[in-house]
Amino acid sequence: MSFDSLGLSAPILAAVKEKGYETPSPIQAQAIPAVIEGRDVMAAAQTGTGKTAGFTLPLLELLSKGPRAPSNQARALVLTPTRELAAQVAESVETYGKNLSLNSTVVFGGVKINPQMMKLRRGADILVATPGRLMDLYNQKAVRFDKLEVLILDEADRMLDMGFIRDIRKILALLPKRRQNLMFSATFSDDIRSLAKGLVNDPVEISVSPRNATARTVTQWVSPVDKNQKPALLAHLIWEEKWEQVLVFSRTKHGANKLTKFLENNGIKAAAIHGNKSQGARTRALADFKSGSIRALVATDIAARGLDIDQLPQVVNFDLPNVPEDYVHRIGRTGRAGSTGQAVSLVAAEEFKLLSDIERLIKQVLDRKVTEGFEPVHKLPPSRLNTRPVRAKKPKKPRVDHRDGQRSGDNARGHKPKARR
Ligand code: AMP
């Protein structure tokens, strides 16, 4: 199949060709004609499937037809959970829309609001925004939605995880009732389905990978190791395996900083990206990583969300995530668009429960490889696949008598299990 048969016009096809894409990815093949037809879409797709072009290309096609956005109005609104993702979507809009005369603007928090207000004055055919900053701009009367034609929620699951539900509901209440809605989410939890109910109308449902399954081109394995040996093992693997570009996930910001220093001290150029870093520092770290001047990028889950790094060969889970779904998101960063990748998890004995939860979610026991010289003293128990279905998590009321060992241990250290970084 080629892009020519999807209903896109010549200026957009030319931009796609210039980008070097020959064949539409499965989500593009399904979403593009549906969006051009004016249908609502609900798609289960993670980063790496080509979802951004899947909604950007038909959106540009639709918007190229109507009148341009008046001052302080937006015709299409793309909501994303993070600044990085917003910037990347905006970049795609620019790339694919380069032969059209549409105006696009991106707004997110952490940077000055005034330049964003100025840009909105000329009107935005496509406005890409994170929810909090969008509400600020609305409250300052910098943006209006009377002319809004299309709403896109990108990575809707992550927006809920990050606590944006109230902002999203407020924004929805401001939009015209008659509009087209597109919703993208890596996983479709009950919460997402309930949000979708009041949002999409008779949607075309698209699912490009089995629910909660990890990308198939990724080789995944576990390296059992004692917790205190993890930094040394990581440095060893980077040198021994000659990993030139590795994205490392750390559960905490403090852990990310500490590990970055350790790697630097071991001759590995590294940078940390997380919520405490300024927008400038995050953008710079990402650019250095992409260009190859930084070998290891150490990131927390939220900061790494949606990072678009072409053909990232190597992901390391330095800590396992608290929430098993985050494992799937992390792995989504590698082995994309037909390339292959490797995902390694450094797992200490005390993380066994987290490992079991992940294996249950992905319905697969991960291979294990102990690295010579790093044999753990505290042995990781063998995995047994638990085939009971994973239930959607309901927020729990705090309980005085913690019966669950993991949870009470975490609480005792003043750590909230659901807290996101
Ligand atoms: P996304 O899932 O939108 O984050 O896209 C993942 C990566 O795939 C990006 O680096 C895109 O540039 C790339 N990509 C998107 N569509 C295609 C395509 N049809 N052919 C090849 N690469 C693509």
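In this predicted model, one open sheet has 7 strands in the order β10-β11-β9-β12-β13-β8-β14, and their pairing is parallel. The edges of this sheet are taken by β10 (270-273) and β14 (367-368), each of which pairs on one side only. Within the sheet, strand β9 (residues 246-249) runs parallel to strand β11 (residues 296-299), and 4 bridges join the two. One of these pairings can be followed residue by residue: the bridge partner of Phe-249 is Ala-299 in β11. Helix α14 (residues 324-331) packs on this sheet, where it touches β8 (218-224), β9, β12 (314-317) and β13 (341-347). The direction of α14 makes about 160° with that of β12.

Another open sheet of 7 strands follows the order β3-β4-β2-β5-β6-β1-β7, with parallel pairing. Here β3 (104-107) and β7 stand at the edges with a single partner strand each, so one side of each has no neighbour in the sheet. From one strand to the next, the twist averages 15°. Helix α9 (residues 190-197) lies across β1, β5 (150-153), β6 and β7 of this sheet. Relative to β6, α9 runs at about 175°.

Strand β1 (residues 41-44) is a good place to look at this sheet in detail. What are the partners of β1? On one hand, 4 bridges join β1 to strand β6 (residues 180-185), and these two strands run parallel. On the other hand, β1 is joined by 4 bridges to strand β7 (residues 204-207), again in a parallel arrangement. Individual residues show how these strands line up. Met-42 has Met-183 as its bridge partner in β6. Val-41 stands opposite Val-204 in β7, and Ala-44 stands opposite Ser-207 in that strand.

The side chains of β1 can be read with a simple rule in mind. In a regular strand, side chains alternate between the two faces of the sheet. In β1, Val-41 and Ala-43 are on one side, while Met-42 and Ala-44 are on the other. Are these four residues of β1 buried or exposed? All four are buried, and both faces of the strand are covered.

The edge strand β3 offers a further example, since Thr-105 has its place there. With a relative accessibility of 3%, Thr-105 counts as buried, because the cut-off for a buried residue is under 20%. Which residues does Thr-105 contact, apart from its neighbours within four places in sequence? The contacts are with Lys-119, Leu-120, Arg-122, Ala-124, Ile-126, Leu-127 and Val-128.

Helices also pack against one another. Two packed helices are described by the angle between their axes and the distance between the axes. The axes of helix α2 (residues 26-36) and helix α3 (residues 51-63) come within 8 Å and cross at roughly 25°. Angles under 35 degrees count as roughly parallel, so α2 and α3 are roughly parallel to each other. Their crossing is right-handed. From α2, the residues that take part in the meeting are Ile-27, Gln-28, Ala-31, Ile-32, Val-35 and Ile-36. On the α3 side, they are Lys-51, Ala-53, Gly-54, Leu-57, Pro-58, Glu-61 and Leu-62.

Two loop residues deserve a look for their backbone angles. Asn-72 lies in the loop between α3 and β2 (74-79). Its phi is near 60°, a positive value in a residue other than glycine. Asn-72 is buried, with a relative accessible area of 19%. Glu-155 lies in the loop between β5 and α7 (156-161). For Glu-155, phi is near 55°, again a positive value in a residue other than glycine. At 1% relative accessibility, Glu-155 counts as buried.

Finally, a word on confidence. The protein chain averages a pLDDT of 86, and 86% of the residues score at least 70. Two stretches that score low are residues 210-216, where pLDDT stays under 50, and residues 395-421, where it is below 50. For residues 210-216, the model has 15 contacts beyond four places in sequence. Residues 395-421 have 24 contacts in the model beyond near neighbours in sequence. Where pLDDT is low, the predicted coordinates should not be read in detail.

Technical notes: Residues are numbered from 1 along each chain as its sequence is written. This is a predicted model: local features need pLDDT of at least 70, side-chain atom pairs count only at pLDDT 80 or more; totals for chains, interfaces and linings use all residues. Side-chain values use heavy atoms; hydrogens and water are left out. pLDDT is the predictor's confidence in each residue, from 0 to 100. Contact means heavy atoms within 4.5 Å. Buried means under 20% relative accessible area, exposed over 50%, partly exposed in between (1.4 Å probe, protein chains only). Two strands pair if DSSP finds at least two bridges between them. Axes are lines fitted to C-alpha atoms, for helices over the stretch in contact, and angles run from 0 to 180 degrees between N-to-C directions. Angles under 35 degrees count as roughly parallel, over 145 as roughly antiparallel, 65 to 115 as roughly perpendicular and the rest as oblique. A crossing is left-handed if the near helix is turned anticlockwise from the far one by less than a right angle, and right-handed if clockwise.
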